[in-house]
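Please look over the sequence and the coordinates side by side before reading on. The paragraphs below take up the interior, the strands, the side-chain pairs and the overall form in turn.

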Amino acid sequence: MEYKIIIEKDPSGWFVGQCLQYPEAISEGETMEELIDNMREAIELVIDKNEEEVLKSHIHKNYVRETIQIPV
């Protein structure tokens, strides 16, 4: 899956990024490469946390879990 991020360079020279699909996924890095690696981790953490929260809300319910593909 692809994620879009906005990248800015702050006054101290660090790169700061935020994911458009998951705005709570924010990170930084001294280089663009470091920022990209950190953003991957931040997005994964947000997705995992969101998944946990959704599953907790359905803990005592009868549900089916499916995976779908959305073409980009």
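Which residues make up the largest nonpolar core? In this model, which is predicted, that core consists of Phe 15, Cys 19, Ala 25, Leu 35, Met 39, Ala 42, Ile 43 and Val 46, 8 residues in all. Two elements, E2 and H1, each supply at least two residues of this core, and H1 gives the most, with 5 residues. The setting for this core is a protein chain with 1 helix and 3 strands, which follow the pattern β-β-β-α when read along the sequence.

The strands can be considered next, beginning with the pairing of E2 (15-19) and E3 (26-29). These two strands run antiparallel and are joined by 4 bridges, and the connection between them is a hairpin that passes through 6 residues. One of the bridge partnerships can be followed residue by residue, since the partner of Gln 18 in E3 is Ile 26.

Which residues of E3 lie on its covered face, and which on its uncovered one? Ser 27 and Gly 29 belong to the covered face, whereas Ile 26 and Glu 28 belong to the uncovered one. Such an arrangement can be read against a general rule, namely that in a regular strand the side chains alternate between the two faces of the sheet. Ser 27, which lies in strand E3, has a relative accessible area of 17% and is therefore buried, the cut-off for that class being under 20%. Leaving aside its neighbours within four places in sequence, Ser 27 is in contact with Phe 15, Val 16, Gly 17, Leu 35, Asn 38, Met 39 and Ala 42; among these, Phe 15, Leu 35, Met 39 and Ala 42 are also members of the largest nonpolar core. Seen from the other side, Ala 42 touches Ala 25, Ile 26 and Ser 27 when residues up to four places away in sequence are not counted.

From the core the description turns to the aromatic side chains, of which the structure holds 1 pair. Tyr 3 and Tyr 22 form this pair, with 6.0 Å from centre to centre and 50° between the planes, a geometry that counts as tilted. The two rings link distant parts of the chain, as Tyr 3 sits in the segment before strand E1 (5-9) while Tyr 22 sits in the loop between strand E2 and strand E3, 19 residues apart. Are these two residues buried, partly exposed or exposed? Tyr 3 is partly exposed, with a relative accessible area of 30%, and Tyr 22 likewise counts as partly exposed, at 23% relative accessibility.

Charged side chains offer a further set of pairs, and the structure holds 2 salt bridges. In general, side chains of opposite charge can pair when their charged atoms come close. Asp 37 forms a salt bridge with Arg 40, where the closest N and O atoms are 3.0 Å apart. Asp 37 and Arg 40 are 3 residues apart in helix H1 (residues 32-57), so about one helical turn separates them. Asp 37 itself is partly exposed, its relative accessible area being 47%. The other salt bridge is formed by the side chains of Glu 53 and Lys 56, at 3.8 Å from N to O, and both of these residues also lie in helix H1, 3 residues apart, or about one turn of the helix. Glu 53 counts as partly exposed at 41% relative accessibility, whereas Lys 56 is exposed, with a relative accessible area of 53%.

Beyond the helix, Glu 66 is found in the segment after H1, where it counts as exposed at 65% relative accessibility. The C-alpha atoms of Glu 66 and Met 1 are separated by 17 Å, although the two residues are 65 residues apart along the chain.

The overall form of the protein chain remains to be described. With its 1 helix and 3 strands, the protein chain has a radius of gyration of 16 Å, well over the 11 Å that the globule rule gives for 72 residues, so it is more spread out than a compact globule. Along its principal axes, the C-alpha trace spans about 50 × 25 × 15 Å. Of the 72 residues, 15% count as buried, and among contacts between residues at least 6 apart in sequence, 18% join residues at least 24 apart.

Note on methods. Residues are numbered from 1 along each chain as its sequence is written. This is a predicted model: local features need pLDDT of at least 70, side-chain atom pairs count only at pLDDT 80 or more; totals for chains, interfaces and linings use all residues. Side-chain values use heavy atoms; hydrogens and water are left out. Rings of Phe, Tyr and Trp (its six-membered ring) pair if their centres lie within 6.5 Å; planes under 30 degrees apart count as stacked, over 60 as edge-to-face and the rest as tilted. Buried means under 20% relative accessible area, exposed over 50%, partly exposed in between (1.4 Å probe, protein chains only). A salt bridge is a side-chain nitrogen of Lys or Arg within 4 Å of a carboxyl oxygen of Asp or Glu. Two strands pair if DSSP finds at least two bridges between them. A nonpolar core is a set of buried Ala, Val, Leu, Ile, Met, Phe, Trp, Tyr and Cys residues joined through side-chain atoms within 4.5 Å. Contact means heavy atoms within 4.5 Å. The radius of gyration is taken over C-alpha atoms; the globule rule is 2.2 Å times the number of residues to the power 0.38.
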